[in-house]
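Okay, thanks for coming, everyone. Let me put the structure up and walk you through it.

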Amino acid sequence: MRKFETLLLLSPELAADARETVLGTLTGVVERVEGNVLEVDHWGMRDLAYPVKKQMRGYYVRLEYSMPNSGVAELERIIRITDGIYKFVTVKLADEVEEVA
């Protein structure tokens with residue numbers, strides 16, 4: 001299992017419950033491919049350097065998780081088809097994750 005981080009830029013027009021629904025869907029995908037969500041870090045509403053879909057603000061969320069390589073493609077596919085997610089970037093943090101009992 002490898003450790004990954006995905007930074008998401010969400011629409012500022014999403015309500016808090018809609019944001020939680022989107023994040024619940026993504027954490028469900030991670031768990032479905034035998035992964036573990038390690039941290040969900042809400043950065044909150046931030047100003048953007050340039051307009052994205054005619055918006056100058058966005059809501060940032062950082063997901064940190066461990067999963068097999070094959071699961072990342074499935075997670076990114078779900079991100080691409082989910083409404084309300086403007087942009088994302090996924091980074092591999094570590095090749096091996098030590099399991100905590």
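Before anything else, one cut-off: a residue is called buried when its relative accessible area is under 20%, exposed when it is over 50%, and partly exposed in between. And please keep in mind that this is a predicted model.

So let's try that cut-off on E76. E76 has a relative accessibility of 18%, so it counts as buried. You'll find E76 in helix α2, which covers residues 69–81. What does E76 touch, if we skip residues up to four places away in sequence? The answer is F88 and T90. With T90 there's also a polar contact, side chain to side chain, at 3.0 Å.

Right, now the sheet. It's an open sheet of 4 strands, in the order β2-β3-β1-β4, and the pairing is antiparallel. Which strands are at the edges? Those are β2 and β4, and each of them pairs on one side only. If you ignore direction, neighbouring strands in this sheet are turned by 20 degrees against each other on average.

Let's stay with β3 for a bit, which is residues 55–67. Is β3 mostly covered or mostly open? Mostly covered: 11 of its 13 residues are buried. On one pairing we have β1, residues 2–10, running antiparallel to β3 and joined to it by 9 bridges. If you want to trace that on screen, look for L8, whose bridge partner in β3 is V61, and then L9, which stands opposite Y60.

The other pairing is with β2, residues 36–52, and that one is antiparallel too, over 11 bridges. A pair to click on here is V37 in front of you, with Y65 of β3 standing opposite. β2 and β3 make a hairpin, with 2 residues between them.

That hairpin brings me to backbone angles. As a bit of background, most residues other than glycine have a negative phi. Now look at K53, in the loop between β2 and β3. K53 isn't a glycine, yet its phi is positive, at about 50 degrees. Is K53 buried or exposed? Its relative accessibility is 59%, so K53 counts as exposed.

E34 tells a similar kind of story. E34 sits in the loop between α1, which is residues 16–32, and β2. Again this is not a glycine, and again phi is positive, here about 60 degrees. At 61% relative accessibility, E34 counts as exposed.

Okay, on to the rings. How many aromatic pairs does the structure hold? It holds 2. I'll show you the one formed by W43 and Y60: the ring centres are 6.3 Å apart and the planes are at 35 degrees, so this pair is tilted. W43 belongs to strand β2 and Y60 to strand β3, 17 residues apart, so to speak a link between distant parts of the chain. As for W43, the relative accessible area is 35%, which makes this residue partly exposed.

While we're on rings, have a look at Y59 as well. R19 lies over the face of Y59, at 3.9 Å from the ring centre.

Next, E5, over in strand β1. What is E5 in contact with, once we leave aside its neighbours within four places in sequence? There's a fair list: R62, L63, E64, Y65, V89, T90, V91 and L93. With R62 there's a side-chain polar contact of 2.9 Å. And T90 should ring a bell, since E76 touches T90 too. If you'd like a sense of distance, E5 and A73 are 68 residues apart in sequence and 13 Å apart in space, C-alpha to C-alpha.

Last stop is D95, in the segment after β4, where β4 is residues 85–94. Its relative accessibility is 42%, so D95 counts as partly exposed. Skipping residues up to four places away in sequence, D95 touches M1 and R2. Its side chain also makes a polar contact with the side chain of K92, at 2.8 Å. And how far is D95 from Y59? They're 36 residues apart in sequence, and 29 Å apart in space between the C-alpha atoms.

That's the tour, so feel free to spin the model around and ask away.

Key:
Residues are numbered from 1 along each chain as its sequence is written. This is a predicted model: local features need pLDDT of at least 70, side-chain atom pairs count only at pLDDT 80 or more; totals for chains, interfaces and linings use all residues. Side-chain values use heavy atoms; hydrogens and water are left out. Buried means under 20% relative accessible area, exposed over 50%, partly exposed in between (1.4 Å probe, protein chains only). A polar contact is a pair of N or O atoms within 3.5 Å; within protein, one must be able to donate a hydrogen and the other to accept it, and residues adjacent in sequence count only if both atoms are side-chain atoms. Contact means heavy atoms within 4.5 Å. Two strands pair if DSSP finds at least two bridges between them. Axes are lines fitted to C-alpha atoms, for helices over the stretch in contact, and angles run from 0 to 180 degrees between N-to-C directions. Rings of Phe, Tyr and Trp (its six-membered ring) pair if their centres lie within 6.5 Å; planes under 30 degrees apart count as stacked, over 60 as edge-to-face and the rest as tilted. A charge sits over a ring if NZ of Lys or CZ of Arg is within 6 Å of the ring centre and within 35 degrees of the ring normal.
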